[in-house]
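Please walk through the following model from its overall composition to its sheets and its core. Cut-offs are given where a term first appears.

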Amino acid sequence: MTAHARILEYLTRRIGLDPDSLGASTIAEAIQERMRIVEKPEPNSYREYLETEPAELQKLAERIVVSETWFFRGPGLFDYLARTIRDAVHADPKRIVRVLSIPCSTGEEPYSLAMALQELQVPPNRHVLVGVDLSTQAITTAQRGVYREFAFRQILPAIRARYFRNQETTWTISDAIKSRVQFHTGNLLDPHGISNLGSPFDIVLCRNLLIYFTAETRRQALNQIERLLLPEGLLAVGSAEPSALSGRPFLTVGTGELFLFRYSPSTQPSGVPPRFSEPRRSQGSVILAPVLPRQVTPVAVPLPTPRTAPIPVVGNPVTEPSLDEARLLADAGQLSAAETLCQAVLARTPTAQGYALLGVICHARGRLEEATEALRRALYLEPHHREALIHALTVALAAGQTAQAENLRARLRKLTQEERP
Ligand SMILES: C[S@@+](CC[C@H](N)C(=O)[O-])C[C@H]1O[C@@H](n2cnc3c(N)ncnc32)[C@H](O)[C@@H]1O
(Lines give C-alpha, C1' and ligand atoms only; values in the text may rest on other atoms or scores of the structure.)
Protein backbone atom coordinates (compact mmCIF):
# COMPACT_ATOMS: atom_id res chain seq x y z
CA MET A 1 0.00 0.00 0.00
CA THR A 2 1.37 3.47 -0.85
CA ALA A 3 1.88 6.06 1.88
CA HIS A 4 -0.98 8.12 0.43
CA ALA A 5 -3.33 5.10 0.52
CA ARG A 6 -2.32 4.44 4.12
CA ILE A 7 -3.10 8.02 5.06
CA LEU A 8 -6.57 7.62 3.52
CA GLU A 9 -7.09 4.30 5.27
CA TYR A 10 -6.11 5.85 8.62
CA LEU A 11 -8.43 8.82 8.07
CA THR A 12 -11.35 6.53 7.28
CA ARG A 13 -10.69 4.31 10.27
CA ARG A 14 -10.44 7.23 12.72
CA ILE A 15 -13.16 9.59 11.54
CA GLY A 16 -15.27 7.42 9.24
CA LEU A 17 -15.16 9.50 6.07
CA ASP A 18 -15.09 7.67 2.74
CA PRO A 19 -12.45 9.31 0.49
CA ASP A 20 -14.63 8.54 -2.55
CA SER A 21 -17.58 10.48 -1.18
CA LEU A 22 -15.41 13.51 -0.42
CA GLY A 23 -13.60 13.54 -3.72
CA ALA A 24 -10.03 12.39 -4.32
CA SER A 25 -8.77 15.84 -5.27
CA THR A 26 -10.26 17.52 -2.18
CA ILE A 27 -8.43 15.12 0.12
CA ALA A 28 -5.21 15.14 -1.88
CA GLU A 29 -5.12 18.96 -1.74
CA ALA A 30 -5.76 18.91 2.01
CA ILE A 31 -3.00 16.39 2.63
CA GLN A 32 -0.54 18.37 0.46
CA GLU A 33 -1.37 21.55 2.34
CA ARG A 34 -0.90 19.93 5.76
CA MET A 35 2.41 18.34 4.61
CA ARG A 36 3.64 21.80 3.63
CA ILE A 37 2.50 23.44 6.88
CA VAL A 38 4.10 20.85 9.17
CA GLU A 39 7.14 20.62 6.89
CA LYS A 40 6.89 16.88 6.26
CA PRO A 41 7.37 16.72 2.48
CA GLU A 42 7.68 12.91 2.42
CA PRO A 43 4.30 11.10 2.47
CA ASN A 44 5.70 8.41 4.77
CA SER A 45 7.01 10.84 7.35
CA TYR A 46 3.72 12.77 7.23
CA ARG A 47 1.78 9.52 7.72
CA GLU A 48 3.85 8.66 10.81
CA TYR A 49 3.34 12.17 12.17
CA LEU A 50 -0.41 11.96 11.53
CA GLU A 51 -0.70 8.62 13.30
CA THR A 52 1.18 9.78 16.39
CA GLU A 53 -0.10 13.37 16.77
CA PRO A 54 -3.81 13.54 17.59
CA ALA A 55 -3.76 17.31 17.00
CA GLU A 56 -2.64 16.73 13.39
CA LEU A 57 -5.52 14.34 12.74
CA GLN A 58 -7.85 17.05 14.03
CA LYS A 59 -6.27 19.68 11.76
CA LEU A 60 -6.45 17.48 8.68
CA ALA A 61 -10.04 16.56 9.49
CA GLU A 62 -10.95 20.25 9.88
CA ARG A 63 -9.62 20.81 6.39
CA ILE A 64 -11.71 18.10 4.71
CA VAL A 65 -15.04 17.87 6.55
CA VAL A 66 -18.14 19.22 4.85
CA SER A 67 -19.74 21.54 7.42
CA GLU A 68 -22.54 22.76 5.19
CA THR A 69 -25.75 23.22 7.16
CA TRP A 70 -28.50 25.79 7.63
CA PHE A 71 -31.40 26.65 9.90
CA PHE A 72 -34.50 24.46 9.61
CA ARG A 73 -32.90 22.13 7.08
CA GLY A 74 -35.39 19.40 6.20
CA PRO A 75 -39.10 19.71 5.57
CA GLY A 76 -41.27 19.49 8.68
CA LEU A 77 -38.79 17.79 11.01
CA PHE A 78 -38.32 20.52 13.61
CA ASP A 79 -42.01 21.22 13.88
CA TYR A 80 -42.73 17.51 14.31
CA LEU A 81 -40.03 17.01 16.97
CA ALA A 82 -41.02 20.14 18.92
CA ARG A 83 -44.66 19.02 19.03
CA THR A 84 -43.58 15.52 20.06
CA ILE A 85 -41.49 16.92 22.91
CA ARG A 86 -44.23 19.34 23.97
CA ASP A 87 -46.76 16.53 24.18
CA ALA A 88 -44.35 14.26 26.08
CA VAL A 89 -43.59 16.86 28.75
CA HIS A 90 -47.26 17.83 29.06
CA ALA A 91 -48.19 14.18 29.59
CA ASP A 92 -45.61 13.69 32.37
CA PRO A 93 -44.82 16.70 34.57
CA LYS A 94 -41.50 15.19 35.67
CA ARG A 95 -40.22 14.28 32.25
CA ILE A 96 -37.13 15.91 30.76
CA VAL A 97 -36.53 15.02 27.12
CA ARG A 98 -32.90 14.57 26.07
CA VAL A 99 -31.91 15.35 22.48
CA LEU A 100 -28.54 14.90 20.78
CA SER A 101 -27.57 16.49 17.47
CA ILE A 102 -24.47 14.72 16.14
CA PRO A 103 -23.03 16.08 13.94
CA CYS A 104 -24.34 19.56 14.72
CA SER A 105 -21.75 21.37 12.58
CA THR A 106 -21.99 25.12 13.30
CA GLY A 107 -25.11 24.76 15.46
CA GLU A 108 -27.97 25.56 13.10
CA GLU A 109 -29.63 22.15 13.63
CA PRO A 110 -29.94 22.15 17.46
CA TYR A 111 -30.70 25.89 17.47
CA SER A 112 -33.56 25.26 15.01
CA LEU A 113 -35.07 22.78 17.44
CA ALA A 114 -34.50 25.22 20.32
CA MET A 115 -36.44 27.90 18.39
CA ALA A 116 -39.21 25.45 17.55
CA LEU A 117 -39.49 24.54 21.25
CA GLN A 118 -39.52 28.19 22.24
CA GLU A 119 -42.34 28.81 19.77
CA LEU A 120 -44.37 26.08 21.46
CA GLN A 121 -43.47 27.52 24.89
CA VAL A 122 -41.78 24.36 26.09
CA PRO A 123 -39.81 25.55 29.16
CA PRO A 124 -36.03 25.20 28.85
CA ASN A 125 -35.87 23.08 32.01
CA ARG A 126 -37.96 20.37 30.34
CA HIS A 127 -35.33 19.43 27.79
CA VAL A 128 -31.61 18.86 27.43
CA LEU A 129 -30.34 19.74 23.98
CA VAL A 130 -26.75 18.75 23.14
CA GLY A 131 -24.83 19.48 19.94
CA VAL A 132 -21.64 17.53 19.11
CA ASP A 133 -19.30 17.78 16.14
CA LEU A 134 -15.86 16.55 15.23
CA SER A 135 -14.78 20.01 14.12
CA THR A 136 -13.56 22.34 16.87
CA GLN A 137 -13.94 25.27 14.48
CA ALA A 138 -17.58 24.39 13.86
CA ILE A 139 -18.26 24.07 17.61
CA THR A 140 -16.60 27.44 18.27
CA THR A 141 -18.88 29.03 15.66
CA ALA A 142 -21.91 27.32 17.23
CA GLN A 143 -20.99 28.65 20.66
CA ARG A 144 -20.56 32.18 19.30
CA GLY A 145 -23.93 31.97 17.57
CA VAL A 146 -23.09 34.50 14.85
CA TYR A 147 -24.27 33.65 11.32
CA ARG A 148 -24.15 34.98 7.79
CA GLU A 149 -26.91 35.26 5.26
CA PHE A 150 -26.57 31.81 3.73
CA ALA A 151 -27.40 30.07 7.03
CA PHE A 152 -30.91 31.47 6.60
CA ARG A 153 -31.85 30.05 3.23
CA GLN A 154 -34.89 28.20 4.63
CA ILE A 155 -36.19 30.55 7.25
CA LEU A 156 -38.72 33.32 6.90
CA PRO A 157 -37.87 36.84 8.02
CA ALA A 158 -40.33 36.76 10.95
CA ILE A 159 -38.54 34.01 12.82
CA ARG A 160 -35.12 35.46 12.08
CA ALA A 161 -36.27 38.84 13.35
CA ARG A 162 -37.56 37.22 16.51
CA TYR A 163 -34.48 35.26 17.49
CA PHE A 164 -31.53 37.08 15.93
CA ARG A 165 -29.91 40.50 16.26
CA ASN A 166 -28.64 41.97 13.02
CA GLN A 167 -25.32 43.84 12.76
CA GLU A 168 -24.43 44.76 9.19
CA THR A 169 -23.83 41.40 7.45
CA THR A 170 -24.10 39.13 10.51
CA TRP A 171 -26.90 37.80 12.68
CA THR A 172 -26.38 36.89 16.35
CA ILE A 173 -28.68 34.37 17.98
CA SER A 174 -30.54 35.48 21.12
CA ASP A 175 -29.18 34.48 24.52
CA ALA A 176 -32.49 32.77 25.32
CA ILE A 177 -32.04 30.32 22.43
CA LYS A 178 -28.31 29.99 22.92
CA SER A 179 -28.74 28.97 26.55
CA ARG A 180 -31.01 26.09 25.52
CA VAL A 181 -28.16 24.22 23.79
CA GLN A 182 -24.86 22.79 25.10
CA PHE A 183 -22.06 22.16 22.61
CA HIS A 184 -19.11 19.76 22.73
CA THR A 185 -16.42 18.60 20.33
CA GLY A 186 -16.59 14.83 19.79
CA ASN A 187 -16.08 12.03 17.31
CA LEU A 188 -19.05 9.73 16.75
CA LEU A 189 -16.67 6.86 16.05
CA ASP A 190 -14.71 7.33 19.26
CA PRO A 191 -16.60 6.00 22.31
CA HIS A 192 -14.25 7.91 24.65
CA GLY A 193 -14.80 11.11 22.67
CA ILE A 194 -18.50 11.10 23.49
CA SER A 195 -18.48 9.36 26.85
CA ASN A 196 -19.06 12.67 28.66
CA LEU A 197 -22.55 13.09 27.22
CA GLY A 198 -24.32 11.50 30.19
CA SER A 199 -27.31 9.20 30.09
CA PRO A 200 -28.82 8.01 26.81
CA PHE A 201 -30.99 10.21 24.66
CA ASP A 202 -34.68 10.18 23.75
CA ILE A 203 -33.94 11.67 20.34
CA VAL A 204 -30.78 11.62 18.20
CA LEU A 205 -30.38 13.66 15.04
CA CYS A 206 -27.60 12.22 12.90
CA ARG A 207 -28.17 13.86 9.53
CA ASN A 208 -25.92 14.21 6.53
CA LEU A 209 -22.97 12.37 8.00
CA LEU A 210 -23.58 8.68 7.19
CA ILE A 211 -23.68 9.58 3.50
CA TYR A 212 -19.96 10.44 3.73
CA PHE A 213 -19.05 7.18 5.53
CA THR A 214 -17.96 3.79 4.17
CA ALA A 215 -20.20 0.75 4.72
CA GLU A 216 -17.99 -0.35 7.63
CA THR A 217 -17.79 3.02 9.39
CA ARG A 218 -21.54 3.49 8.85
CA ARG A 219 -22.06 0.20 10.68
CA GLN A 220 -19.84 1.34 13.56
CA ALA A 221 -21.58 4.73 13.70
CA LEU A 222 -24.99 3.08 13.89
CA ASN A 223 -23.79 0.75 16.67
CA GLN A 224 -22.74 3.85 18.54
CA ILE A 225 -26.05 5.60 17.88
CA GLU A 226 -27.95 2.57 19.16
CA ARG A 227 -25.92 2.80 22.38
CA LEU A 228 -26.74 6.51 22.64
CA LEU A 229 -30.49 6.03 22.10
CA LEU A 230 -33.09 4.84 24.60
CA PRO A 231 -35.31 1.98 23.39
CA GLU A 232 -38.31 3.51 21.57
CA GLY A 233 -36.36 6.73 21.12
CA LEU A 234 -36.29 8.57 17.79
CA LEU A 235 -33.51 8.87 15.21
CA ALA A 236 -33.53 11.47 12.43
CA VAL A 237 -31.26 10.89 9.42
CA GLY A 238 -30.68 12.88 6.23
CA SER A 239 -32.93 12.50 3.21
CA ALA A 240 -30.34 10.36 1.38
CA GLU A 241 -29.60 8.16 4.38
CA PRO A 242 -32.58 5.94 5.31
CA SER A 243 -31.13 2.99 3.37
CA ALA A 244 -28.25 2.96 5.90
CA LEU A 245 -30.79 1.71 8.45
CA SER A 246 -31.87 -1.36 6.53
CA GLY A 247 -31.49 -4.52 8.58
CA ARG A 248 -31.35 -2.51 11.81
CA PRO A 249 -34.09 -2.17 14.44
CA PHE A 250 -35.64 1.08 13.25
CA LEU A 251 -39.24 1.67 12.21
CA THR A 252 -40.37 4.58 10.07
CA VAL A 253 -42.23 7.35 11.92
CA GLY A 254 -44.86 9.45 10.14
CA THR A 255 -45.05 9.56 6.37
CA GLY A 256 -41.42 8.61 5.77
CA GLU A 257 -40.69 12.05 4.43
CA LEU A 258 -39.41 13.26 7.79
CA PHE A 259 -36.65 10.63 7.57
CA LEU A 260 -37.42 9.90 11.21
CA PHE A 261 -37.27 6.43 12.80
CA ARG A 262 -38.22 4.77 16.06
CA TYR A 263 -35.54 2.60 17.67
CA SER A 264 -37.19 -0.72 18.52
CA PRO A 265 -34.54 -3.23 19.58
CA SER A 266 -35.92 -6.76 19.71
CA THR A 267 -33.98 -7.35 22.92
CA GLN A 268 -36.02 -4.81 24.88
CA PRO A 269 -38.17 -6.29 27.68
CA SER A 270 -41.76 -6.76 26.55
CA GLY A 271 -44.13 -4.04 27.64
CA VAL A 272 -41.68 -1.14 27.24
CA PRO A 273 -44.08 1.77 26.75
CA PRO A 274 -43.59 4.02 23.73
CA ARG A 275 -41.40 6.96 24.65
CA PHE A 276 -43.43 9.23 22.42
CA SER A 277 -46.85 9.17 20.90
CA GLU A 278 -47.79 10.80 17.60
CA PRO A 279 -47.84 14.54 18.38
CA ARG A 280 -51.14 16.38 18.37
CA ARG A 281 -51.58 18.47 15.27
CA SER A 282 -54.06 20.81 16.89
CA GLN A 283 -53.21 23.48 19.46
CA GLY A 284 -50.18 25.28 18.46
CA SER A 285 -48.36 23.87 15.52
CA VAL A 286 -46.89 27.31 15.33
CA ILE A 287 -43.77 26.58 13.40
CA LEU A 288 -45.78 25.36 10.49
CA ALA A 289 -49.49 25.24 10.11
CA PRO A 290 -50.10 21.59 9.13
CA VAL A 291 -52.78 22.44 6.61
CA LEU A 292 -52.22 25.74 4.94
CA PRO A 293 -55.13 27.53 3.38
CA ARG A 294 -54.11 28.16 -0.20
CA GLN A 295 -54.67 31.91 -0.29
CA VAL A 296 -53.51 32.79 3.20
CA THR A 297 -49.92 33.74 3.68
CA PRO A 298 -48.55 32.38 6.96
CA VAL A 299 -47.92 35.72 8.63
CA ALA A 300 -51.65 36.48 8.42
CA VAL A 301 -52.76 33.62 10.68
CA PRO A 302 -53.67 35.00 14.13
CA LEU A 303 -52.22 33.36 17.20
CA PRO A 304 -52.49 34.25 20.87
CA THR A 305 -49.66 36.30 22.33
CA PRO A 306 -46.78 35.86 22.98
CA ARG A 307 -46.83 33.74 19.86
CA THR A 308 -47.28 36.85 17.83
CA ALA A 309 -47.48 35.01 14.52
CA PRO A 310 -47.10 31.51 13.21
CA ILE A 311 -43.60 30.94 12.05
CA PRO A 312 -43.37 28.98 8.87
CA VAL A 313 -39.71 28.29 8.68
CA VAL A 314 -39.17 27.00 5.20
CA GLY A 315 -38.91 29.54 2.47
CA ASN A 316 -36.80 32.39 1.33
CA PRO A 317 -37.95 35.93 1.93
CA VAL A 318 -41.41 36.23 0.45
CA THR A 319 -40.97 37.67 -3.01
CA GLU A 320 -43.04 35.10 -4.88
CA PRO A 321 -46.07 34.17 -2.73
CA SER A 322 -47.13 31.08 -4.67
CA LEU A 323 -43.69 29.57 -4.58
CA ASP A 324 -43.53 30.39 -0.91
CA GLU A 325 -46.80 28.58 -0.43
CA ALA A 326 -45.37 25.54 -2.22
CA ARG A 327 -42.44 25.63 0.21
CA LEU A 328 -44.76 25.75 3.17
CA LEU A 329 -46.75 22.81 1.88
CA ALA A 330 -43.50 20.90 1.40
CA ASP A 331 -42.45 21.75 4.92
CA ALA A 332 -45.77 20.55 6.28
CA GLY A 333 -45.06 17.21 4.59
CA GLN A 334 -47.68 17.72 1.87
CA LEU A 335 -45.25 16.92 -0.89
CA SER A 336 -47.71 16.00 -3.58
CA ALA A 337 -49.63 19.29 -3.22
CA ALA A 338 -46.32 21.16 -2.97
CA GLU A 339 -45.09 19.61 -6.21
CA THR A 340 -48.30 20.43 -8.09
CA LEU A 341 -48.17 24.03 -6.95
CA CYS A 342 -44.46 24.34 -7.70
CA GLN A 343 -44.97 22.96 -11.23
CA ALA A 344 -47.79 25.46 -11.78
CA VAL A 345 -45.60 28.37 -10.69
CA LEU A 346 -42.76 27.16 -12.89
CA ALA A 347 -45.05 26.86 -15.90
CA ARG A 348 -45.82 30.56 -15.47
CA THR A 349 -42.40 31.81 -14.37
CA PRO A 350 -39.39 29.50 -14.60
CA THR A 351 -36.92 30.56 -11.90
CA ALA A 352 -33.88 29.00 -10.30
CA GLN A 353 -35.67 29.15 -6.92
CA GLY A 354 -38.62 27.25 -8.35
CA TYR A 355 -36.49 24.51 -9.93
CA ALA A 356 -34.39 24.23 -6.76
CA LEU A 357 -37.55 23.67 -4.73
CA LEU A 358 -38.86 21.16 -7.26
CA GLY A 359 -35.54 19.31 -7.00
CA VAL A 360 -35.84 19.14 -3.21
CA ILE A 361 -39.43 17.88 -3.44
CA CYS A 362 -38.59 15.21 -6.04
CA HIS A 363 -35.64 14.11 -3.92
CA ALA A 364 -37.81 13.86 -0.81
CA ARG A 365 -40.25 11.74 -2.87
CA GLY A 366 -37.42 9.41 -3.89
CA ARG A 367 -37.31 10.44 -7.59
CA LEU A 368 -33.62 11.05 -7.98
CA GLU A 369 -33.53 11.45 -11.77
CA GLU A 370 -36.22 14.11 -11.78
CA ALA A 371 -34.54 15.81 -8.82
CA THR A 372 -31.26 15.90 -10.76
CA GLU A 373 -32.98 17.37 -13.81
CA ALA A 374 -34.79 20.08 -11.81
CA LEU A 375 -31.58 21.06 -10.04
CA ARG A 376 -29.70 21.11 -13.34
CA ARG A 377 -32.25 23.61 -14.63
CA ALA A 378 -31.92 25.71 -11.47
CA LEU A 379 -28.15 25.85 -11.95
CA TYR A 380 -28.53 26.64 -15.64
CA LEU A 381 -30.61 29.70 -14.72
CA GLU A 382 -28.40 30.67 -11.75
CA PRO A 383 -25.01 28.92 -11.76
CA HIS A 384 -24.24 30.30 -8.26
CA HIS A 385 -27.49 29.19 -6.65
CA ARG A 386 -26.05 27.81 -3.40
CA GLU A 387 -29.12 25.86 -2.31
CA ALA A 388 -29.41 24.18 -5.73
CA LEU A 389 -25.70 23.32 -5.68
CA ILE A 390 -25.96 21.74 -2.24
CA HIS A 391 -29.05 19.75 -3.10
CA ALA A 392 -27.55 18.65 -6.41
CA LEU A 393 -24.52 17.42 -4.45
CA THR A 394 -26.72 15.49 -2.01
CA VAL A 395 -28.66 13.93 -4.87
CA ALA A 396 -25.46 13.02 -6.74
CA LEU A 397 -24.10 11.33 -3.60
CA ALA A 398 -27.38 9.48 -3.05
CA ALA A 399 -27.32 8.32 -6.69
CA GLY A 400 -23.68 7.20 -6.40
CA GLN A 401 -22.55 9.70 -9.08
CA THR A 402 -19.08 10.27 -7.69
CA ALA A 403 -17.63 12.32 -10.56
CA GLN A 404 -20.67 14.59 -10.66
CA ALA A 405 -20.50 14.99 -6.86
CA GLU A 406 -16.87 15.98 -7.07
CA ASN A 407 -17.61 18.56 -9.72
CA LEU A 408 -20.43 20.05 -7.63
CA ARG A 409 -18.28 20.08 -4.52
CA ALA A 410 -15.57 22.01 -6.37
CA ARG A 411 -18.17 24.55 -7.52
CA LEU A 412 -19.44 24.94 -3.96
CA ARG A 413 -15.93 25.37 -2.61
CA LYS A 414 -15.24 28.08 -5.18
CA LEU A 415 -18.49 29.82 -4.34
CA THR A 416 -17.72 29.74 -0.60
CA GLN A 417 -14.26 31.21 -1.25
CA GLU A 418 -15.80 33.97 -3.36
CA GLU A 419 -18.36 34.74 -0.64
CA ARG A 420 -15.78 35.04 2.14
CA PRO A 421 -15.35 38.64 3.26
C1 LIG B 1 -22.86 18.24 6.43
S2 LIG B 1 -22.58 18.56 8.14
C3 LIG B 1 -24.14 18.07 8.79
C4 LIG B 1 -24.70 19.06 9.78
C5 LIG B 1 -26.18 18.85 10.15
N6 LIG B 1 -26.41 17.59 10.80
C7 LIG B 1 -27.06 18.97 8.93
O8 LIG B 1 -27.62 17.98 8.48
O9 LIG B 1 -27.21 20.09 8.41
C10 LIG B 1 -21.46 17.24 8.51
C11 LIG B 1 -20.65 17.44 9.81
O12 LIG B 1 -20.16 16.16 10.24
C13 LIG B 1 -19.01 16.40 11.02
N14 LIG B 1 -18.30 15.11 11.16
C15 LIG B 1 -17.58 14.45 10.23
N16 LIG B 1 -17.11 13.30 10.74
C17 LIG B 1 -17.55 13.23 12.03
C18 LIG B 1 -17.40 12.28 13.08
N19 LIG B 1 -16.70 11.16 12.92
N20 LIG B 1 -17.98 12.54 14.28
C21 LIG B 1 -18.69 13.69 14.47
N22 LIG B 1 -18.87 14.62 13.51
C23 LIG B 1 -18.31 14.39 12.30
C24 LIG B 1 -18.29 17.47 10.22
O25 LIG B 1 -17.37 18.18 11.01
C26 LIG B 1 -19.45 18.33 9.70
O27 LIG B 1 -19.62 19.48 10.52
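What percentage of the residues of the protein count as buried? Of its 421 residues, 47% do, where buried means that 20 or more other C-beta atoms, placed from the backbone, lie within 10 Å of the residue's own (12 or fewer is exposed, and in between is partly exposed).

This is a predicted model, in which local features need pLDDT of at least 70 and side-chain atom pairs count only at pLDDT 80 or more, while totals for chains, interfaces and linings use all residues. Residues are numbered from 1 along each chain as its sequence is written. The average pLDDT (the predictor's confidence in each residue, from 0 to 100) is 85, and 87% of the residues score at least 70. Over residues 282-320 pLDDT stays under 50; the model has 78 contacts for them beyond four places in sequence, a contact being two C-beta atoms, placed from the backbone, within 7 Å.

The protein has 17 helices and 10 strands, taken as DSSP runs (helices H or I, at least four residues; strands E, at least two) and numbered from the N terminus. Among contacts with a separation of 6 or more, 68% join residues 24 or more positions apart.

Seven strands make an open sheet with mixed pairing, in the order β6-β2-β1-β7-β8-β10-β9; strands pair if DSSP finds at least two bridges between them. Because β6 (181-185) and β9 (250-252) each have a single partner strand, one side of each is left without a neighbour in the sheet. From one strand to the next, the twist averages 25°, with axes fitted to C-alpha atoms (for helices over the stretch in contact) and angles running from 0 to 180 degrees between N-to-C directions. At the β9 edge, β9 pairs with β10 (residues 260-263) in the antiparallel sense over 3 bridges, and T252 stands opposite F261.

Helix α7 (residues 108-119) packs on this sheet, touching β1, β2, β6 and β7. Its direction makes about 165° with that of β2.

A further open sheet has 3 strands in the order β3-β5-β4, with antiparallel pairing. Its edge strands, β3 (146-148) and β4 (164-167), each pair on one side only.

The largest nonpolar core (buried Ala, Val, Leu, Ile, Met, Phe, Trp, Tyr and Cys residues joined through C-beta atoms within 7 Å) has 121 residues, and V204, L235, I361 and L375 have the most contacts inside it. Helix α16 (residues 386-398) gives the most to this core, with 9 residues. Beyond its neighbours within four places in sequence, I361 is in contact with A330, L335, A338, E339 and C342.
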